[in-house]
Every structure is written in structure tokens, then in C-alpha cells.
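Here are a few exercises to work through with the coordinates open in your favourite viewer. Try each task before reading its solution.

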Amino acid sequence: MENIYGYTLSRLENYFIERNEKKFRVIQIYEWLYKKRVNSFDEMTNIKKELIEELKKEFNLNKLKIIKRLDGKDVHKYLFALEDGNKIEAVLMKHNYGNSLCLSTQVGCNMGCTFCESGRLKKVRSLYPHEMVLPILQIESDLNIRITHLVIMGIGEPFDNYDNVMEFINIVNHPKGIDIGARHITISTCGIIPKIEEFMKSGKQVNLAISLHAPNDELRNKLMSINKVYKLKDLIEVIKKYIKVTKRRVTFEYIMLKDINDTPELAHELVNLLKGINCYVNLIPYNETSHHRYQKSPKENIMRFYDILQKNKINVTIRKEFGSEVMAACGQLRSNYEEEK
Ligand code: SAH
């Protein structure tokens with residue numbers, strides 16, 4: 001039996017057409033699921049009984065299990081159990097512009113960034129679309145809020161689970177579904193070039209963020225092993241192409257690691273790398289974890305780096321720090337939970 005929350009509207013339509021059912025029924029069902037948020041087929045009172053019975057044989061409306069919730073100031077961190085027992089995280093952040101949810105795309109991660117907690121537990125598997133949809137529905141209901149923004153930046157590499165992530169985006173983005181606007185969705189990648197090209201061609205209005213973290217290959221190789229496969233020069237090339245084709249601005253994420261990548265020399269090198277590219281740089285205060293030798297940059301280093309970028313006309317922001325008190329570093333809650341056991 002399949003989980004119905006993993007079905008895009010058009011996939012569900014095909015299912016109906018094959019069975020000679022009216023297509024408009026699908027929109028009704030979508031509305032029951034995503035507007036009225038019912039928990040069973042029996043509550044779908046405008047659908048005829050026989051069809052309800054058919055649907056019950058094919059689909060379930062199973063939810064994930066919330067196994068832990070940690071609350072901080074304006075932040076709620078969730079640990080969910082999937083049906084097969086694997087665990088995933090999601091982090092809800094309250095901003096002045098709305099509520100943003102940081103979602104995972106895989107159980108574990110194989111990208112092997114040396115500073116990141118997620119990769120300490122290798123990838124077990126990729127998530128299915130419904131496993132990305134359900135945290136949204138369940139957190140909205142748990143906190144009695146509406147989620148207005150999605151950042152696909154939790155555990156995992158979204159472009160290593162490309163097809164399911166795109167299906168997921170189609171579900172949440174649909175006006176008859178959860179209806180989160182594409183421009184309110186950001187997808188973050190460590191830089192898998194062929195998938196960036198595919199994403200560019202998809203024509204989606206979803207924002208793209210690139211985890212950069214270093215302005216040259218030598219340092220980036222040390223921090224992110226993906227750089228040994230997709231070199232910085234080629235990454236920048238494809239980003240320039242992406243911006244030209246989509247006319248959209250790209251965000252570069254740059255984690256601030258003390259004495260590793262936060263020096264004035266590297267700030268100037270970054271300026272040279274990004275000069276003339278329509279982008280933002282988002283400086284991320286590093287969330288220290290007990291398992292990595294890196295330290296977070298002191299405020300002065302961050303400000304010094306910020307000033308150099310700004311004086312050289314690179315759009316730059318410093319990410320608001322959320323949730324170090326709730327272990328919001330990617331993968332920290334999950335890896336600590338696995339260790340406690
Ligand atoms: N694999 C994707 C998305 C998941 S990581 C990617 O690499 O972009 C999302 C972001 O969190 C990345 O920029 C990553 O470098 C950053 N990150 C990882 N560990 C972190 C930590 N301990 N503190 C702050 N940011 C971290």
C-alpha cells in the first residue's frame with residue numbers, strides 16, 4: 001500500500017483516469033488532504049462510498065512518529081521516526097517574515113564534508129516524497145501554525161535524491177496542495193554540477209543555494225570532498241550559466257570556521273571569485289559539535305570578513321543564529337539520539 005502524501009496531483013490524476021474515474025475527484029481529494037487536513041478517507045464526505053473503499057485498498061494516510069521535540073527561543077527541533085525505524089530531523093524557525101522549516105532529504109549523507117555532523121552517519125537511504133511532505137503537515141498541526149517557507153538544507157544532499165525532491169516540491173508547491181510558493185522554497189547543494197544543470201532546465205522558480213565555504217580548490221578540497229569531483233572553477237561556471245538562463249540570483253553559503261576560512265586574505269580571494277556574479281553571500285556562524293575539531297569564528301573575524309565583502313560590493317548577510325541550545329547543527333539531534341541508545 002502506498003502513502004497518499006507522496007502523490008503529486010498529476011500522478012493521482014493518472015491513477016484516476018486509468019480507472020475511468022472523473023479527474024475532478026482528485027482535486028477534491030487533494031483538498032481533503034491539504035486544505036481540510038482529514039486523517040482518513042471516511043471523512044471525505046463528498047466522495048462516493050465505492051471509490052472510498054477502492055482508495056482504502058490502494059493508499060494509506062499514515063503519519064510519521066514524532067519521537068522527540070526540543071524547544072528553544074523561536075525554534076523547535078523535531079526527530080521523526082520513519083516507518084522502517086530510520087530517524088530524520090526537521091527544524092522549525094520563527095522569523096519576523098514567517099515560519100520556515102528546514103527539511104532533511106536523506107537518512108544520513110555521503111558527501112563527507114569534514115565539519116558537518118550529518119555525514120558522521122553515512123547515508124542509509126534517500127527519503128521518499130511523503131517523508132518530506134509529512135513533517136510539514138505534522139509540525140503545522142503540532143504547533144498550530146502555518147509554515148510559509150521551506151529550506152531544503154537538513155540532513156542529506158538534495159541533489160543526490162533529485163527525483164524525489166522534485167516530486168516533493170511539486171506536491172507542496174501546488175495551489176491545491178500545501179501551496180507554498182516556489183520563491184519561498186530554497187534548495188541547498190554542495191555542488192553536484194550535472195544536477196544543477198538539470199535543475200536549471202526544470203524551470204522551477206525555487207531558490208538555489210550553494211554551499212561554498214572556501215574560495216579556492218586547495219582549501220575546499222580539505223573541507224568538502226565533493227570538490228575533488230566537481231572543481232570550483234566548473235562550479236562557478238555552471239552557476240554563471242544558471243544565473244544567465246534563469247535570471248535568478250544565487251546564494252552562496254559560507255560557514256565561518258575559526259582560522260580556517262575566515263581570514264582577510266580569503267575574504268579578498270572570495271571577492272575576486274564572485275565579482276560580477278549576481279549573488280548573495282550568507283555567512284553562517286558555525287554550530288560547534290563535540291565530534292569535530294573546528295571552532296566557530298569569533299564575532300570580530302566574522303565582522304572583518306563581512307566588511308571586506310561589503311566594501312567590495314558583494315551582497316552579504318550574516319545568518320541569524322538559531323538553536324545551538326537545541327542542537328540545531330545538521331544531524332546533531334539524530335546522531336546524539338543514536339549514541340544514547
Ligand atoms: N547537502 C546540502 C544541504 C545540507 S547542509 C548542502 O551541502 O548544501 C546545509 C548547510 O548547513 C550547508 O551549507 C552546510 O555546510 C551547513 N552546515 C553543516 N554543518 C553545519 C554546522 N555544524 N554549523 C553550521 N552550518 C552547518
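The exercises below concern a predicted model.

**Exercise 1. Find the largest nonpolar core and say where it lies relative to domain 1 and domain 2.**

Step 1. The largest nonpolar core has 109 residues. Those with the most contacts inside it are Phe115, Leu150, Phe168, Ile187, Phe252, Leu274 and Val281.

Step 2. Residues of this core come from both domain 1 (2-60) and domain 2 (65-340), so the core lies between them.

Step 3. Another core, of seven residues, lies apart from it; Met93, Val151, Met153 and Ala209 are among them.

Step 4. As background, nonpolar side chains tend to be buried together in soluble globular proteins.

**Exercise 2. List what Val281 touches, not counting residues up to four places away in sequence.**

Step 1. Val281 touches Phe252, Tyr254, Leu270, Leu274 and Leu309.

Step 2. To these add Ile314, Asn315, Val316 and Thr317, which Val281 also touches.

**Exercise 3. Describe how helices α9 and α10 pack.**

Step 1. Two packed helices are described by the angle between their axes and the distance between the axes.

Step 2. The axes of α9 (residues 264-274) and α10 (residues 299-311) come within 9 Å and cross at roughly 30 degrees.

Step 3. Angles under 35 degrees count as roughly parallel, so α9 is roughly parallel to α10.

Step 4. The crossing of α9 and α10 is right-handed.

Step 5. On the α9 side, the contact is made by Pro264, Leu266, Ala267, His268, Leu270 and Val271. Arg304, Phe305, Ile308 and Leu309 make it from α10.

**Exercise 4. Place Asn20 and Arg37, give phi for each, and classify their exposure.**

Step 1. Most residues other than glycine have a negative phi.

Step 2. Asn20 has a positive phi, near 55 degrees. Asn20 sits in the loop between α1 (9-18) and α2 (24-34).

Step 3. Exposed means over 50% relative accessible area, so Asn20, at 71%, counts as exposed.

Step 4. Arg37 is not a glycine either, and its phi is positive at about 55 degrees. Its place is the loop between α2 and α3 (49-58).

Step 5. With 22% relative accessibility, Arg37 counts as partly exposed.

**Exercise 5. Describe the surroundings of His184.**

Step 1. His184 lies in the loop between α5 (162-173) and β10 (185-189).

Step 2. Its relative accessible area is 37%, so His184 is partly exposed.

Step 3. Leaving aside neighbours within four places in sequence, His184 is in contact with Thr148, His149 and Leu150.

Step 4. From C-alpha to C-alpha, His184 and Asn207 are 7.7 Å apart in space, with their positions 23 residues apart in sequence numbering.

Technical notes. Residues are numbered from 1 along each chain as its sequence is written. This is a predicted model: local features need pLDDT of at least 70, side-chain atom pairs count only at pLDDT 80 or more; totals for chains, interfaces and linings use all residues. Side-chain values use heavy atoms; hydrogens and water are left out. A nonpolar core is a set of buried Ala, Val, Leu, Ile, Met, Phe, Trp, Tyr and Cys residues joined through side-chain atoms within 4.5 Å. Buried means under 20% relative accessible area, exposed over 50%, partly exposed in between (1.4 Å probe, protein chains only). Domain bounds come from an automatic or database domain assignment. Contact means heavy atoms within 4.5 Å. Axes are lines fitted to C-alpha atoms, for helices over the stretch in contact, and angles run from 0 to 180 degrees between N-to-C directions. Helices (H or I, at least four residues) and strands (E, at least two) are DSSP runs, numbered from the N terminus. Angles under 35 degrees count as roughly parallel, over 145 as roughly antiparallel, 65 to 115 as roughly perpendicular and the rest as oblique. A crossing is left-handed if the near helix is turned anticlockwise from the far one by less than a right angle, and right-handed if clockwise.
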